[in-house]
Amino acid sequence: KMTLKICIVSSKYNEEITDGIYKNAVSKLNVLGIKKFDSISVPGAFEIPVVISKIIKKYDGVIAVGCVIKGQTPNFDFISKAITNGIMELSIVHKKPIGNAIITCLNKEQALARFNKGTEASLAVLEVLKIK
């Protein structure tokens, strides 16, 4: 049985939230039999795509963990779209799954209710890796 190489790239920004998402991602990986994986911490969600682009060749799949909360400016929309497009492009170009557990919320309350995105992203990566 081949051992899958998985990496979780996680943002430190909004750590109270990203920590919960990360723990759920790890928990799901463990349940699905992935006990060993790498973990990389980045300053914010905006840095996630560039870090994934540097490491993606070394892994079978990546899980991106982050949280963007809307402020008073349109910056939220630009940042969210740029991150999503960057991750999708990397996934397609490299033909490797990148689980998107980067949540975009209007406020902290919404974010705190969405830790399950980590679980979903881990499951999605492993499901896609089964497809030949």
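A salt bridge is taken here as a side-chain nitrogen of Lys or Arg within 4 Å of a carboxyl oxygen of Asp or Glu. In the structure, which is a predicted model, five such salt bridges are found. One of them joins K23 to D19, with the closest N and O atoms 3.1 Å apart; both residues belong to helix α1 and are separated by four positions in the sequence, about one turn of the helix. K23 is exposed, its relative accessible area being 52%, whereas D19 is partly exposed, with a value of 33%.

A pair within one helix is also formed by E120 and K117, whose closest N and O atoms are 3.7 Å apart in a salt bridge. These two residues lie in helix α5, which spans residues 116-130, and they are three residues apart, again about one turn of the helix. E120 is partly exposed at 39% relative accessible area, and K117 is likewise partly exposed, at 22%. A further salt bridge is made between the side chains of K70 and D77, with an N to O distance of 3.9 Å; K70 counts as partly exposed with 32% relative accessibility, as does D77 with a relative accessible area of 41%.

The strands of the model include four that form an open sheet, arranged in the order β2-β1-β3-β4 and paired in the parallel sense. Strands β2 (38-42) and β4 (98-105) occupy the edges, and each has a single partner strand, so that one side of each is left without a neighbour in the sheet. From one strand to the next, the twist averages 15 degrees. The parallel pairing of β1, comprising residues 6-11, with β2 extends over five bridges. Helix α1 (residues 15-31) lies across β1, β2, β3 (61-69) and β4, and runs at about 155 degrees to β3.

Within this arrangement, S11 is a residue of strand β1, and its bridge partner in β2 is V42. S11 is buried, because its relative accessible area of 2% falls under the 20% limit that defines this class. When neighbours within four places in sequence are set aside, the contacts of S11 comprise T18, V42, P43, G44, A45, I48, V65 and G66. In addition, a polar atom of the S11 side chain lies 3.1 Å from the backbone nitrogen of Y13.

Note on methods
Residues are numbered from 1 along each chain as its sequence is written. This is a predicted model: local features need pLDDT of at least 70, side-chain atom pairs count only at pLDDT 80 or more; totals for chains, interfaces and linings use all residues. Side-chain values use heavy atoms; hydrogens and water are left out. Two strands pair if DSSP finds at least two bridges between them. Axes are lines fitted to C-alpha atoms, for helices over the stretch in contact, and angles run from 0 to 180 degrees between N-to-C directions. Contact means heavy atoms within 4.5 Å. Buried means under 20% relative accessible area, exposed over 50%, partly exposed in between (1.4 Å probe, protein chains only). A polar contact is a pair of N or O atoms within 3.5 Å; within protein, one must be able to donate a hydrogen and the other to accept it, and residues adjacent in sequence count only if both atoms are side-chain atoms.
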